[in-house]
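Student: I have just opened a structure that is new to me, and I would like to learn how to read it. Could you walk me through some features, one by one?

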Amino acid sequence: MTLLSVTDLRVEVSSDLGVVRALDGVSFEVKRGECLAVVGESGSGKSMTALAIMGLLPVGGRVTKGSIVLEGRELTRLRERELCKVRGAEIGIVFQDPLTALSPVHSVGWQVLEAVMLGRGYKRAAAKLEALALLTRVGLPEARERFDDLPHTLSGGMRQRVMIAIALGGAPKVLVLDEPTTALDLLAAREVEQLILELARERSLGVVLISHDLSQVGAVADRIAVLYAGQIVEEGTAARVLREPAHPYTRGLIASIPPLRKQRRRRSATNERLPVLAPRQLEPRTIGVGCRFAPRCPAVFDRCRVNEPPLAMMSDGERARCWLYDGGSEATP
Amino acid sequence: MSKESDSGRRSRMSVAGRASVSEELAELGRPTIEHGERKRTALLYVQRLTKVYELRRGFFRAPELAYALRGVSFYVRRRETLGIVGESGSGKSTLARCILRLIEPTVGRIVFDGRDVTALRSGELRALRRRMQIVFQDPYASLDPNMTVQEIVREGIDVYALAATRKEGNSMVAALLVQVGLEPTLAERYPHELSGGERQRVAIARAIALKPELLVLDEPTSALDVSVGAQILNLLQELQEKLGIALLFISHDLRTVQYFSHRMGVMYAGKLVELGPTDAVQKRRYHPYTRALFAAMTPSREAPAIRLPVLRETPAESDEHARGCVFFARCPNAEPGRCDIEEPRLSELFPASHHRVACFHPQLD
């Protein structure tokens with residue numbers, strides 16, 4: 001059952017330099033208990049996606065087209081007061097850097113407790129019990145003893161667990177995580193990802209996981225959407241996208257991940273190089289003419305430079321924005 | 001909070017009241033005969049490098065000691081890449097800075113090309129710095145925003161008077177930019193006009209301008225997008241093959257280290273816990289920490305990660321580990337009564353395997 005659906009979303013950000021279209025026609029759905037990873041490099045618009053869902057776009061940014069619907073309710077037309085009730089109570093958010101996101105002068109327990117009181121309308125005593133239960137659930141060791149500790153006394157992984165407890169404080173239906181493990185060490189990152197997966201399952205949460213690293217989302221994501229220049233260029237089940245990437249951009253991204261050693265011969269013997277994508281063009285693109293990836297695409301042909309490809313359905317739920325897959329028949333690249 | 005000690009001697013005196021610690025530091029400073037022949041032929045040889053910071057938690061409280069490095073020893077051969085992987089706080093950046101003597105080690109020896117450089121004074125140090133250069137993680141912070149690319153790359157050439165005339169210097173800069181894959185026309189630009197990948201290329205051009213024999217790379221791709229990072233890795237590989245530079249590649253990213261390095265070391269809490277040819281380390285994974293890291297690198301739902309106990313604080317901050325194994329509190333193989341008292345030394349499990357592990361109970365399956 002669809003929990004959150006984003007349709008043809010366009011976000012424009014105006015600054016001194018003019019109007020930039022940060023997102024252009026982004027559509028996806030998230031079901032209960034499902035985790036969608038939105039993956040892209042810097043500037044692709046992945047953080048804008050998270051902020052648009054939360055109604056937290058930066059100054060100058062606004063949704064100019066499309067809709068964001070949570071359980072039948074349109075969010076883009078809500079006023080700020082109504083949005084305040086949605087945030088926390090219906091959508092929880094976790095940011096990349098927990099030390100910046102947490103208040104340095106309030107205890108971790110109090111910050112969870114506050115989220116429970118505001119999000120669920122609990123009285124203080126009941127909220128404290130719930131906060132303690134949440135901190136225990138996210139794996140803070142000795143939660144009762146650490147309830148009154150300040151965030152700086154915790155390790156990075158522990159702080160991120162506290163952030164997740166706060167996000168769950170209002171018993172939301174959707175959890176939006178913006179690069180939740182990027183600031184963490186490998187082992188801590190794995191544990192936090194495992195926690196996110198468990199929570200999604202046991203609480204039937206819809207999870208939107210924003211990440212820059214395609215190699216790291218495999219253990220958590222059910223589905224993956226790849227963003228490029230403000231558009232989804234590929235979407236599908238995580239297993240399919242990672243094993244058989246369709247779009248040349250996704251293929252290039254996966255190829256540039258350093259392979260494991262057993263899968264290749266010695267580097268020194270073969271002068272092996274990582275296959276890399278052509279460098280990004282820094283000149284402003286002429287939006288509307290041709291495929292946005294065409295200047296970097298190794299499989300580019302005439303049509304790509306003239307017409308922009310639609311996000312075509314390859315098979316059920318598997319989509320790619322590329323002329324190679326137009327009309328459902330796969331051409332050989 | 002941490003206060004750096006000015007010299008090894010002063011730091012040793014300041015901890016003299018604590019018998020066990022000063023004894024340990026003395027023990028760390030004792031010369032060893034490890035490595036034998038390999039040590040003499042190596043370009044860089046680091047012996048028992050230790051860096052201790054004093055943490056002052058209150059005016060009247062005795063300072064606590066934080067070990068950023070605990071007796072790290074290794075060598076780097078010419079034309080070789082040694083990768084060091086470790087999580088944040090494991091001391092890997094301290095290691096990079098100690099080797100270049102940007103910070104002073106508390107105890108230990110640094111031997112470069114057969115010469116002990118641990119105690120060199122400023123003049124001699126300058127000559128040494130031409131031969132070992134560093135590239136930092138963040139090219140936004142490591143390039144002077146008020147200098148053009150030309151001036152940045154040119155600075156070292158002028159300091160060491162490598163060019164006879166101004167014209168020759170300019171053409172050297174142009175050649176260097178081409179060598180790192182940049183258009184020579186970028187020379188007049190300022191760093192803020194460049195992308196992250198281009199800036200890191202400028203930082204590399206600046207480093208190789210002095211024709212160093214050793215290049216220390218402190219997380220050179222961590223601030224970059226994956227596809228840009230791959231380009232930088234390819235460039236470094238190409239430069240190594242062409243110029244024969246030895247690389248010390250320091251990163252938190254195990255995937256990159258295992259791909260890029262001929263030999264690799266794993267650091268935990270300031271200690272090197274495993275060291276060997278990359279293929280051997282990747283295949284055998286003797287140390288329980290190495291094993292957990294490799295398991296976490298390839299996440300999949302079929303093979304869940306190895307779960308290690310979670311610590312209340314980062315291990316480097318904890319003084320308890322002055323004795324025993326640094327990994328004791330999290331180790332699945334820990335033997336109470338031994339691992340928490342005796343410190344395992346980095347040694348070869350099998351003679352001449354060139355694969356060393358610091359563990360009493362390595363995983364041998």
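Tutor: Gladly! Let us begin with strands: two strands count as paired if DSSP finds at least two bridges between them. Keep in mind as we go that this is a predicted model.

Student: In what sense do strand β2 of chain B and β3(B) pair, and over how many bridges?

Tutor: They pair in the antiparallel sense, over nine bridges. Strand β2(B) covers residues 44-55, and β3(B) covers residues 64-76. To see one bridge for yourself, find Glu54(B), whose partner in β3(B) is Leu65(B).

Student: Is β3(B) mostly covered or mostly open?

Tutor: A general idea helps here: in a regular strand the side chains alternate between the two faces of the sheet. As for β3(B), the strand is mostly covered, with eleven of its 13 residues buried.

Student: Next, salt bridges. What is the idea behind them?

Tutor: Side chains of opposite charge can pair when their charged atoms come close. Over all chains, the count here comes to 40 salt bridges.

Student: Which residue forms a salt bridge with Arg10(A)?

Tutor: Asp24(A) does, and the closest N and O atoms are 3.4 Å apart. This pair links distant parts of the chain: Arg10(A) is in strand β1 (residues 2-15) of chain A and Asp24(A) in strand β2 (residues 18-31) of chain A, 14 residues apart. Arg10(A) and Asp24(A) are both buried. They also belong to a network of salt bridges that links Arg10(A), Glu12(A), Arg21(A), Asp24(A), Arg292(A) and Glu308(A).

Student: How are Arg190(A) and Glu193(A) placed in helix α8 of chain A?

Tutor: Helix α8(A) runs over residues 186-202, and because Arg190(A) and Glu193(A) are three residues apart in it, about one helical turn separates them. Their side chains meet in a salt bridge of 2.7 Å, N to O. Both residues are buried.

Student: And for Glu80(A) and Arg87(A), which is buried and which is partly exposed?

Tutor: Buried means under 20% relative accessible area, and partly exposed lies between that and 50%. Glu80(A) has 46% relative accessibility, so this residue counts as partly exposed. Arg87(A) has 19%, so this one is buried. The two form a salt bridge, with the closest N and O atoms 3.2 Å apart.

Student: Where is Arg223(A), and what does its side chain meet?

Tutor: Arg223(A) lies in strand β9 of chain A and is buried, with a relative accessible area of 16%. Its side chain makes a polar contact of 3.3 Å with the side chain of Glu235(A). Leaving aside neighbours within four places in sequence, the residues in contact with Arg223(A) include Glu34(A), Cys35(A), Thr237(A) and Gly317(A). For a sense of scale, Arg223(A) and Arg144(A) are 79 residues apart in sequence and 37 Å apart in space, C-alpha to C-alpha.

Student: What joins Ser227(B) to Glu41(A)?

Tutor: A polar contact of 2.7 Å joins their side chains. Ser227(B) is found in helix α9 (residues 226-243) of chain B and is buried, with a relative accessible area of 1%. Beyond residues up to four places away in sequence, Ser227(B) touches several residues of chain A, among them Leu253(A), Val276(A) and Arg296(A).

Student: I also noticed backbone angles. What is unusual to look for in Ala229(A) and Lys211(B)?

Tutor: Ala229(A) has a positive phi of about 50 degrees although it is not a glycine, and Lys211(B) likewise has a positive phi of about 50 degrees without being a glycine. Ala229(A) is found in the loop between β9 (223-228) and β10 (231-237) of chain A, while Lys211(B) is found in the loop between α8 (196-208) and β8 (214-218) of chain B. Their surroundings can be read too: Ala229(A) is buried at 15% relative accessible area, whereas Lys211(B) is exposed at 59%.

Student: Last one: which residues make the nonpolar surface patch of about 280 Å²?

Tutor: Leu349(B), Phe350(B) and Leu364(B) make that patch. Look for Leu364(B) in the segment after β13 (356-357) of chain B. With 57% relative accessibility, Leu364(B) counts as exposed.

Technical notes:
Residues numbered from 1 in each chain as written. Chains lettered and ligands numbered in written order. Predicted model: local features only at pLDDT ≥ 70, side-chain atom pairs only at ≥ 80, totals over all residues. Heavy atoms only, no water. Helix = DSSP H or I, 4+ residues; strand = E, 2+ residues; numbered from the N terminus. Buried < 20%, exposed > 50% of the residue type's maximum accessible area, 1.4 Å probe, protein only. Patch = residues over 30% accessible without salt bridge, like charges linked within 9 Å, V, L, I, M, F, W, Y side chains within 5 Å. Areas by Shrake-Rupley, 256 points an atom, 1.4 Å probe, with all protein chains shown as cover. Salt bridge = Lys/Arg side-chain N within 4 Å of Asp/Glu carboxyl O. Polar contact = N/O pair within 3.5 Å; in protein donor to acceptor, adjacent residues only side chain to side chain. Contact = heavy atoms within 4.5 Å.
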